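Reader: I have a model open and little time. Show me how to read it, one feature after another.

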Amino acid sequence: MTILGTAGVIPDPQRAQSGYLLEKDGRLVLVDCGSGVFSRLAQLSIDWRQLDTFLLTHLHLDHMSDLLSIWVARWLMGAPTVTLYGPAGTREFITKILELFPYIRDHVRVTVHELWAGQTLSLAGFAVSTLAYKFDDTVVICGDSEPEPALVEFVRGYKVLVHECSFPDDARVPLHTSPTHLGEVLAHAEVEWLVLPHLYPQAAAQPEEVIKAVQKGFPKRVTVATDLQTIEL
Ligand SMILES: [Zn+2]
């Protein structure tokens, strides 16, 4: 897994918006695709034209704004077919956006699959489960949310949990995560390594403090994610 973007809505020179590239046996899946992710993809030594499988955690702009840019570029490079997985509403959402861009709609061939919590599916060689997205038996990637108690059971025995940590404790915002709360909720989670992306500037400016606050409740390996960080699974 290569983490392509680790910012929330506000990017900085070191952080694009959300994106995770998973690679297995030469096959690629992109989870989320915020602003700047396409540029990060182009920085990797991969052929991004081979990337035809996309998965969205939710339908917010900082998780999908580069999606059509990648699709158009692939089409111009001779690869017009893509498959998109996302939550309920994804099909209508994409259909409406493509109506605004007939030149894309008429050339890019999109197949949409809507997912629901508790589903399992095979996707580009990975076995994927949903609540957050689980890939095989190694990594769990969460979308934007407050810490969810059901995760404790969901991540049991996994190696890596990627969970947003948008704001420090003193700037806590509803529907997003702050570090002390995350540590409390994950206190009994049996996962080896917690990776924290989706950092707003207030959190990105104090990574050590963020890690310490999480570890008060979750005293295991915790790191703040960086763009283009690769994690061997
Ligand atoms: Zn977000």
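Reader: Let me start with one residue. Is H198 buried or exposed?

Author: First, keep in mind that this is a predicted model. The cut-off for buried is under 20% relative accessible area. H198 has a relative accessible area of 2%, so H198 is buried.

Reader: Where in the fold does H198 sit?

Author: H198 is in the loop between strand 12 and helix 7. Check its backbone too. Most residues other than glycine have a negative phi. H198 is not a glycine, yet its phi is positive, about 55°.

Reader: Which other residue that is not a glycine has a positive phi?

Author: Look at D32, with phi near 65°. D32 belongs to strand 3. D32 counts as buried because its relative accessibility is 2%. There is a glycine case as well: G78, just after helix 2, takes a positive phi of about 90°.

Reader: Now the metal. Which residues are the protein donors of the zinc ion?

Author: Read a metal site by its donor atoms, their distances and their angles. Here the protein donors are D62 (OD), H63 (NE2), D144 (OD) and H198 (NE2). They lie 2.1 to 2.2 Å from the zinc ion.

Reader: What do the angles say about the site of the zinc ion?

Author: A tetrahedral call needs all angles between 85 and 135 degrees. The angles among the 4 donor atoms run from 94 to 162°, and the site is irregular.

Reader: What spacing do the donors of the zinc ion follow along the chain?

Author: The pattern is D-H-x80-D-x53-H. Take H63 and H198, which are 135 residues apart and link distant parts of the chain. H63 lies in the loop between strand 4 (53-55) and helix 2 (67-76). H198 lies in the loop between strand 12 (191-196) and helix 7 (201-204). Both histidines, H63 and H198, are buried.

Reader: Next, the interior. Which residues touch the most other members of the largest nonpolar core?

Author: The general idea comes first. In soluble globular proteins, nonpolar side chains tend to be buried together. In this model the largest nonpolar core has 26 residues, and L30, L41, F54, L67 and W71 touch the most other members. Helix 2 gives the most to this core, with 6 residues. A separate core of 25 residues includes V140, V155, L194 and V214.

Reader: How many residues of helix 2 are buried?

Author: Helix 2 is mostly covered, with 7 of its 10 residues buried. Among them are L67, I70, W71 and R74. An α-helix has 3.6 residues a turn, so residues three or four places apart point the same way.

Reader: What does F54 touch?

Author: Skip the sequence neighbours up to four places away. F54 then touches L30, L67, I70, W71, R74, V82, T83, L84 and Y85.

Reader: Step back. How many helices and strands does the protein chain have?

Author: The count is 8 helices and 14 strands. The radius of gyration is 17 Å, close to the 17 Å that the globule rule gives for 233 residues, so the chain is as compact as a globular protein of that length. Buried residues make up 55% of the chain.

Reader: One last residue. Why does A171 count as partly exposed?

Author: Because its relative accessibility is 23%. A171 lies in the loop between strand 11 (158-162) and helix 6 (179-185). The C-alpha atoms of A171 and L55 are separated by 30 Å.

Notes: Residues are numbered from 1 along each chain as its sequence is written. This is a predicted model: local features need pLDDT of at least 70, side-chain atom pairs count only at pLDDT 80 or more; totals for chains, interfaces and linings use all residues. Side-chain values use heavy atoms; hydrogens and water are left out. Donors are N, O and S atoms within 2.8 Å of the metal (3.2 Å for Na, K and Ca); water is not among the atoms, so sites may look incomplete. Four donors count as tetrahedral if all angles lie between 85 and 135 degrees; four count as square planar and six as octahedral if opposite donors are over 155 degrees apart and all others between 65 and 115; anything else is irregular. Helices (H or I, at least four residues) and strands (E, at least two) are DSSP runs, numbered from the N terminus. Buried means under 20% relative accessible area, exposed over 50%, partly exposed in between (1.4 Å probe, protein chains only). The radius of gyration is taken over C-alpha atoms; the globule rule is 2.2 Å times the number of residues to the power 0.38. A nonpolar core is a set of buried Ala, Val, Leu, Ile, Met, Phe, Trp, Tyr and Cys residues joined through side-chain atoms within 4.5 Å. Contact means heavy atoms within 4.5 Å.
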